[in-house]
Each structure stands twice: as C-alpha cells, then as structure tokens.
Amino acid sequence: MGKQGTQAHLVWDWNGTLLDDISAVVEATNAAFAEIGLEPITLARYRELYCIPIPRFYERLMGRLPSDAEWTVMDEAFHRHYVEHRVGCGLTEGVEELLREWQLAGRSQSLLSMYGHEQLVPVVRGYGIESRFVRVDGRTGPSGGTKALHMERHLRALSASVVPERTVVIGDAVDDALAAAHVGARAVLFTGGSHSRSSLESVGVPVVDTLGEAVGEALRLAS
C-alpha cells in the first residue's frame with residue numbers, strides 16, 4: 001500500500017524522549033557499575049559511549065564484554081536503582097501539548113519502548129498521557145537487545161491505516177533509527193537523551209534539540 005488513503009503516524013520512544021529521565025539512567029548505571037567495582041561515569045561520557053545492545057556499551061567502558069554473571073548483576077542493579085530514581089523525573093518539556101495537538105489533528109501515534117512492558121504501561125498511565133496513543137508496547141523477553149524486531153511486531157499490531165512509508169519514529173538513540181529503517185519507516189533523533197549529537201548525526205537522519213522540532217520534521221518526512 002502507498003501513501004494514498006493512509007495517515008501520518010508517529011512511533012514515540014519513551015526513556016530519554018518523552019520521559020526526561022537521563023539523569024536517573026546515569027545514576028542507575030553508576031550504581032550498577034559500583035556492584036562490580038567500576039568507577040562512575042559522567043553524563044557526557046555516557047552519551048559519548050552509549051550504544052545498543054547494552055552489553056556492547058559495557059564493553060566500551062570495561063575494555064571487555066561483561067561475563068554472564070557480571071551482566072546479570074549489573075542488569076538487575078540497574079533496573080532496581082532506576083525505579084528508585086525515576087520517581088523524580090518528569091515528562092520532557094512540551095510533551096503534553098505536542099501529543100494533544102497531534103491527536104486533535106486526527107493523526108495517530110503510538111509508543112514503543114525497550115522498558116519492560118509490564119512496568120511501562122502503569123508508568124505511562126501515571127503520567128496521564130496513555131489516552132494519546134493508539135497502542136503502548138514495552139519490551140517483552142530479556143533486556144539488553146535491539147529494537148528492530150519489537151518495531152516489526154509493533155507496526156504489525158497497528159491498524160491498516162498505518163503504513164511504514166508514512167510512519168516516523170522519534171527517539172533518542174541510534175537504535176531507534178535502525179529499528180525504523182528495519183521496517184521501512186523514517187526517524188528523527190532527539191539530543192536530550194542517551195547519545196551525543198555527533199553519534200546521532202552519524203546515522204544520517206534528522207537530529208533535533210527539541211521535541212517540537214522533532215514533530216515538525218516528522219510531519220515533513222511523512223508528507
């Protein structure tokens with residue numbers, strides 16, 4: 001199916017995009033590092049080295065891949081500390097208005113996150129924005145992987161009016177752009193989350209500093 005008779009659709013990322021939680025992520029990462037005796041890192045270094053899958057990010061920091069036992073300890077510690085720190089995090093500036101305006105214009109939007117599905121849904125509901133999305137999906141299965149196959153399943157579950165050619169993924173990670181490309185969609189990347197601007201620009205999609213700019217770019221790409 002081509003563009004005719006379809007509508008522009010946004011697939012939003014959650015952590016580091018709609019939710020301004022990068023400080024909680026770095027604090028939880030440092031807590032996970034402390035569990036196996038690694039030194040803490042700064043936000044700038046986190047953004048410089050961050051990549052998906054997460055074990056490769058840890059490899060960049062440690063100089064080697066973590067062992068299975070280390071990964072288990074670090075992953076559990078990260079999620080435990082993240083839950084504690086996330087409570088103080090708010091939505092990224094302008095999110096409520098952007099979601100409302102997109103919905104009122106008669107366009108659809110959904111949310112796909114690599115945060116565990118059972119944890120994600122009540123958290124999104126708690127921020128009062130669940131009704132803005134036609135679908136909310138979190139990760140199923142083990143953590144640490146990439147988003148591509150989750151994106152494939154997410155789009156397959158949406159209505160027939162949502163087609164890849166008019167779908168734009170808005171996220172804060174190179175992996176969001178790779179997942180979009182995997183399904184034939186477009187992507188816009190936001191600098192407020194996990195990556196430095198230079199690492200985002202390396203993937204060849206529009207890079208923006210605000211979510212308002214992201215929505216403007218998405219509308220242009222989906223037209």
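A residue is called buried when its relative accessible area is under 20%. The figures below show close-up views of a predicted model.

**Figure 1. Strand β4 is a buried strand of the sheet.**
Five of the five residues of β4 are buried, so the rest of the structure largely encloses this strand. In a regular strand the side chains alternate between the two faces of the sheet. Both faces of β4 are covered: Thr 167, Val 169 and Gly 171 are buried on one side, and Val 168 and Ile 170 are buried on the other. Strand β1 (residues 9-12) pairs with β4 in the parallel sense over four bridges. In this view His 9 stands opposite Thr 167 of β4. Strands β4 and β5 also pair in the parallel sense, over four bridges. Here the bridge partner of Val 169 is Ala 187 in β5.

**Figure 2. Six strands form an open sheet.**
The order of the strands is β3-β2-β1-β4-β5-β6, and their pairing is parallel. Which strands lie at the edges? They are β3 (136-139) and β6 (207-208), each of which pairs on one side only. Towards the β3 edge, β2 and β3 pair in the parallel sense over three bridges. Leu 112 stands opposite Asp 137 of β3.

**Figure 3. Helix α8 takes part in a right-handed β-α-β unit.**
The unit consists of β4, α8 and β5. Seven of the 10 residues of α8 are buried, so the helix is largely enclosed by the rest of the structure. These buried residues are Val 174, Asp 175, Asp 176, Ala 177, Ala 179, Ala 180 and Val 183. They pack against α7 (148-157), β4 (167-171), β5 (186-190) and α9 (197-201). Just after α8, Gly 184 takes a positive phi of about 85°. For comparison, most residues other than glycine have a negative phi.

**Figure 4. One cavity of 30 Å³ or more is found in the whole structure.**
Its volume is about 610 Å³. Of the 32 residues that line this cavity, the closest to its centre are Asn 15, Tyr 50, Ile 52, Ile 54 and Met 114. Two or more lining residues come from each of α1 (22-35), α3 (54-62), α4 (68-86), β2 (108-116) and α8 (174-183). Which element gives the largest share of the lining of the largest cavity? Helix α4 does, with five residues. By class, the lining of the cavity divides into 14 nonpolar, 10 polar and eight charged residues.

**Figure 5. The largest pocket holds about 170 Å³ of space.**
Rolling a probe the size of a water molecule over the atoms shows where empty space is left. The pocket is lined by Glu 48, Tyr 50, Cys 51, Ile 52, Arg 60, Thr 146, Val 174, Asp 175, Leu 178, His 195, Ser 199 and Ser 202. Helix α8 gives the largest share of this lining, three residues. The lining has five nonpolar, four polar and three charged residues.

**Figure 6. A cis peptide bond joins Ile 52 and Pro 53.**
Omega at this bond is about 0°. Most peptide bonds, by contrast, are trans. Pro 53 lies in the loop between α2 (43-49) and α3. Ile 52 also belongs to the lining of the largest pocket and is among the residues closest to the centre of the largest cavity.

**Figure 7. Helix α6 (residues 117-126) has four named buried positions: Leu 120, Val 121, Val 123 and Val 124.**
An α-helix has 3.6 residues a turn, so residues three or four places apart point the same way. The buried residues of α6 pack against α4, β2 and β3. Just after α6, Gly 128 takes a positive phi of about 75°.

**Figure 8. His 150 is a buried residue of helix α7.**
Why does His 150 count as buried? Its relative accessible area is 11%, and a residue counts as buried under 20%. Leaving aside residues up to four places away in sequence, His 150 touches Leu 112, Met 114, Arg 139 and Thr 140. Among these contacts, Leu 112 is the residue that stands opposite Asp 137 of β3, and Met 114 is among the residues closest to the centre of the largest cavity. The C-alpha atoms of His 150 and Ala 185 are separated by 14 Å, and the two residues are 35 residues apart along the chain.

Technical notes. Residues are numbered from 1 along each chain as its sequence is written. This is a predicted model: local features need pLDDT of at least 70, side-chain atom pairs count only at pLDDT 80 or more; totals for chains, interfaces and linings use all residues. Side-chain values use heavy atoms; hydrogens and water are left out. On a 1 Å grid over the protein atoms alone, a cavity is a set of points where a 1.4 Å probe fits but cannot get out, and a pocket is an open set with protein on both sides within 12 Å along at least five of seven lines; lining residues have an atom within 4 Å of a point. Grid points are joined across faces, edges and corners, and a volume is the space filled by probe spheres set on the points. Ala, Val, Leu, Ile, Met, Phe, Trp, Tyr, Cys and Pro count as nonpolar, Asp, Glu, Lys and Arg as charged, and the others, Gly among them, as polar. Buried means under 20% relative accessible area, exposed over 50%, partly exposed in between (1.4 Å probe, protein chains only). Contact means heavy atoms within 4.5 Å. Two strands pair if DSSP finds at least two bridges between them. A crossover is right-handed if, with the strands pointing away from the viewer, the path from the first strand over the helix to the second runs clockwise.
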